[in-house]
Amino acid sequence: KVLVLSVYGGRRKFSELPCDIQSGTMSWANALKGDYIHTLEAKAGDINNYDIIIANSNPGKYRKALLRLAETRNDSVRWVTLIEGDAVEYLVPDKMTKSLLDASDLVNCINKFSLPFFKALTSAKTEYIGLPYPVDAVSKYAAPIENRKKEAMICHQLLFRRNDYLVARKIG
């Protein structure tokens, strides 16, 4: 039984998730048929009803709440901290963030190029696993190559994720 903790509002059972096409943290709830709770709504009693917790450590303002939950969980509950978002958020040494990573059974680094950096931050097992991608659900939206437009969808938070824009601009 899996629970995903992240920053989207609400509390949902797997059957109540909005659709089978999700990106980011929510994709784990879909792939593993798990439930979802907003990080700040989660209580110790919620956590201890699951076998695996997958917790989004981004943004940093939620890490204190995650650390409290990770440290008070039952020994039988496995904790996976998901490194999502901009790795720059982790560059400044932060004792609380290190404590959260160290309290994890696994740190899932979704960017393989930052794996050595995150391995150096924590004593917890840290691996590049990434995020599940719903190939079957997404493929039904594919257009034949001759009908495709030369355009890209980029993150709307350009002040924080401007690399998306820079890549799109570079390739025209």
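Biologist: How many bridges pair β1 with β4, and in which sense do these strands run?

Modeller: β1 and β4 pair in the parallel sense, over 4 bridges. Please keep in mind that this is a predicted model. A bridge can also be followed residue by residue: Leu3 has Ile53 as its bridge partner in β4.

Biologist: What is the order of the strands in the sheet to which they belong?

Modeller: The sheet is open and has 7 strands, in the order β2-β3-β1-β4-β5-β6-β7, with mixed pairing. β2 (11–12) and β7 (126–128) stand at the edges with a single partner strand each, so one side of each has no neighbour in the sheet.

Biologist: Which residue of β3 is the bridge partner of Ser6?

Modeller: The partner of Ser6 in β3 is His38. The strands concerned are β1 (residues 2–6) and β3 (residues 35–38), which are parallel and share 4 bridges.

Biologist: Let us move to the other side of β4. Over how many bridges does β4 pair with β5?

Modeller: Strand β4 (residues 52–56) and β5 pair over 5 bridges, in the parallel sense. Two of the partnerships may be traced: Ile54 with Val80 in β5, and Ala55 with Thr81 in β5. Thr81 also stands opposite Val107 in β6. On that side, β5 runs parallel to strand β6 (residues 106–109), and 4 bridges join them.

Biologist: Which helices take part in β-α-β units with these strands?

Modeller: One unit consists of β4, helix α3 (residues 63–72) and β5, and it is right-handed. Another right-handed unit is made by β5, helix α4 (residues 95–102) and β6.

Biologist: Why is β5 described as largely enclosed by the rest of the structure?

Modeller: The reading rests on a cut-off: a residue is buried when its relative accessible area is under 20%. In strand β5 (residues 78–83), 5 of the 6 residues are buried, so the strand is largely enclosed by the rest of the structure. The same reasoning applies to β4, where 4 of the 5 residues are buried, so β4 is largely enclosed too.

Biologist: How is a single residue read in this way; is Ser27 buried or exposed?

Modeller: Ser27 counts as buried, because its relative accessibility is 4%. Ser27 is found in helix α1 (residues 26–31). A polar atom of its side chain lies 3.5 Å from the backbone oxygen of Pro132.

Biologist: And is Met153 buried or exposed?

Modeller: The cut-off for an exposed residue is over 50%. Met153 has 84% relative accessibility and therefore counts as exposed. Met153 lies in the loop between α6 (135–139) and α7. Its C-alpha atom is separated by 8.8 Å from that of Ala168, 15 residues apart along the chain.

Biologist: How does one find empty space, as opposed to atoms?

Modeller: A probe the size of a water molecule is rolled over the atoms, which shows where empty space is left. In this model, the largest pocket has a volume of about 1,100 Å³. It is lined by 30 residues, and the closest to its centre are Glu84, Gly85, Asp86, Ile110 and Arg161.

Biologist: Which helix gives the most to the lining of the largest pocket, and into which classes do the lining residues divide?

Modeller: Helix α7 (residues 162–170) gives the most to that lining, with 3 residues. The residues of the lining divide into 13 nonpolar, 11 polar and 6 charged.

Methods. Residues are numbered from 1 along each chain as its sequence is written. This is a predicted model: local features need pLDDT of at least 70, side-chain atom pairs count only at pLDDT 80 or more; totals for chains, interfaces and linings use all residues. Side-chain values use heavy atoms; hydrogens and water are left out. On a 1 Å grid over the protein atoms alone, a cavity is a set of points where a 1.4 Å probe fits but cannot get out, and a pocket is an open set with protein on both sides within 12 Å along at least five of seven lines; lining residues have an atom within 4 Å of a point. Grid points are joined across faces, edges and corners, and a volume is the space filled by probe spheres set on the points. Ala, Val, Leu, Ile, Met, Phe, Trp, Tyr, Cys and Pro count as nonpolar, Asp, Glu, Lys and Arg as charged, and the others, Gly among them, as polar. Buried means under 20% relative accessible area, exposed over 50%, partly exposed in between (1.4 Å probe, protein chains only). Two strands pair if DSSP finds at least two bridges between them. A crossover is right-handed if, with the strands pointing away from the viewer, the path from the first strand over the helix to the second runs clockwise. A polar contact is a pair of N or O atoms within 3.5 Å; within protein, one must be able to donate a hydrogen and the other to accept it, and residues adjacent in sequence count only if both atoms are side-chain atoms.
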